[in-house]
Amino acid sequence: SVDSGVKIGCTATIADVIGYLTSVKTPNTTKVYQTNHFPQVVKHLKRIAGRQIRAAGSLCGNLMIAYAHQDPVNGFFCSDAATVMMGLGAVVTVMDPVAKTSTNLNMTQFFALNTGATDGMYGKYIAYITIPWALENECFMSYKIAMRQVNAHAYVNAAMRAVVNPTTGVIAAGSTVVLGGIEPRPTRITATEAALTNLQVKDTATFQIVASALMASLSPCPFTGRQDFRKSVAVNYFY
């Protein structure tokens with residue numbers, strides 16, 4: 001772990017990450033809340049594939065599969081790891097061994113790289129991923145619906161993070177709402193994030209307005225079908 005969060009190397013398997021996040025402690029004993037998100041992250045990561053695959057496949061490798069498969073018609077990989085990492089605000093460090101340079105990218109920037117092109121990940125690799133510590137009074141939740149509890153890709157997944165004032169119940173600026181399985185890559189829903197700012201968590205009427213706007217804005221890509229179902233699931237995750 002580092003001051004900014006926990007750092008996970010490129011060869012760490014998903015099982016390694018689960019074990020590490022289960023036991024890691026914050027270096028600052030006055031900020032025990034910094035690891036508050038990790039139990040939910042572990043719970044979600046345990047739903048990726050099965051034990052054998054989690055013991056062999058790396059977290060960074062999972063992200064690379066999702067990066068390499070972003071075709072809205074012919075196929076994309078609805079990665080649980082990618083959605084959760086984007087929801088956490090994780091940053092990948094990409095190494096270029098020829099140029100001998102490293103670049104830090106948030107998950108949105110990473111998935112926006114031109115696939116297969118020299119200005120994308122061609123000839124490069126993810127050296128490590130940094131998951132930031134949780135903020136005080138910050139809540140995190142993630143979701144997945146699939147054909148089975150494990151050994152099944154998500155139809156739709158989601159990860160959401162927000163700082164909520166424990167006294168007033170008001171949501172601070174800077175919330176994160178990520179949906180996977182709608183677009184061919186996990187996507188932050190920035191309009192919904194902005195609408196949450198200064199919203200009171202018990203203000204159900206306004207939440208319903210925000211949820212309705214989210215429903216109207218979503219247009220699931222055709223791959224995997226069930227567009228109306230996937231849209232409904234995504235909105236229910238939010239609400």
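A residue counts as buried when its relative accessible area is under 20%. Keep that in mind on this tour of a predicted model.

**Stop 1: the sheet.** Select β1, β6, β4 and β5. These four strands form an open sheet in just that order, with antiparallel pairing. Look at the edges: β1 (5–9) and β5 (101–106) each have a single partner strand, so one side of each is left without a neighbour in the sheet. From one strand to the next, the twist averages 25°.

**Stop 2: one strand pair.** Zoom in on β4 (residues 91–96) and β5. Six bridges join them. Pick valine 92; its bridge partner in β5 is leucine 105.

**Stop 3: a helix across the sheet.** Now show helix α4 (residues 59–68). Helix α4 lies across β1, β4 and β6 (125–132) and runs at about 110° to β6.

**Stop 4: a charge over a ring.** Select lysine 7 and tyrosine 128. The charged end of lysine 7 sits over the tyrosine 128 ring, 4.4 Å from its centre.

**Stop 5: aromatic pairs.** The structure holds seven of them. One is phenylalanine 38 with tryptophan 133: tilted, 6.2 Å centre to centre, with 45° between the planes. Phenylalanine 38 is in helix α2 (residues 38–45), while tryptophan 133 is in the loop between β6 and β7 (138–146), 95 residues apart. Are these two residues buried or exposed? Both phenylalanine 38 and tryptophan 133 are buried.

Next, select tyrosine 155 and phenylalanine 229. This pair is edge-to-face, with 80° between the planes. Tyrosine 155 is in strand β8 (residues 154–163) and phenylalanine 229 in helix α9 (residues 227–238). Phenylalanine 229 has 36% relative accessibility, so it counts as partly exposed.

**Last stop.** Select Tyr67, Phe110 and Phe111, which form one aromatic cluster.

Methods. Residues numbered from 1 in each chain as written. Predicted model: local features only at pLDDT ≥ 70, side-chain atom pairs only at ≥ 80, totals over all residues. Heavy atoms only, no water. Pairing = 2+ DSSP bridges. Helix = DSSP H or I, 4+ residues; strand = E, 2+ residues; numbered from the N terminus. Axes fitted to C-alpha atoms, helices over the stretch in contact; angles between N-to-C directions. Contact = heavy atoms within 4.5 Å. Phe/Tyr/Trp six-rings, centres within 6.5 Å; stacked < 30°, edge-to-face > 60°. Buried < 20%, exposed > 50% of the residue type's maximum accessible area, 1.4 Å probe, protein only. Lys NZ or Arg CZ within 6 Å of the ring centre and 35° of its normal.
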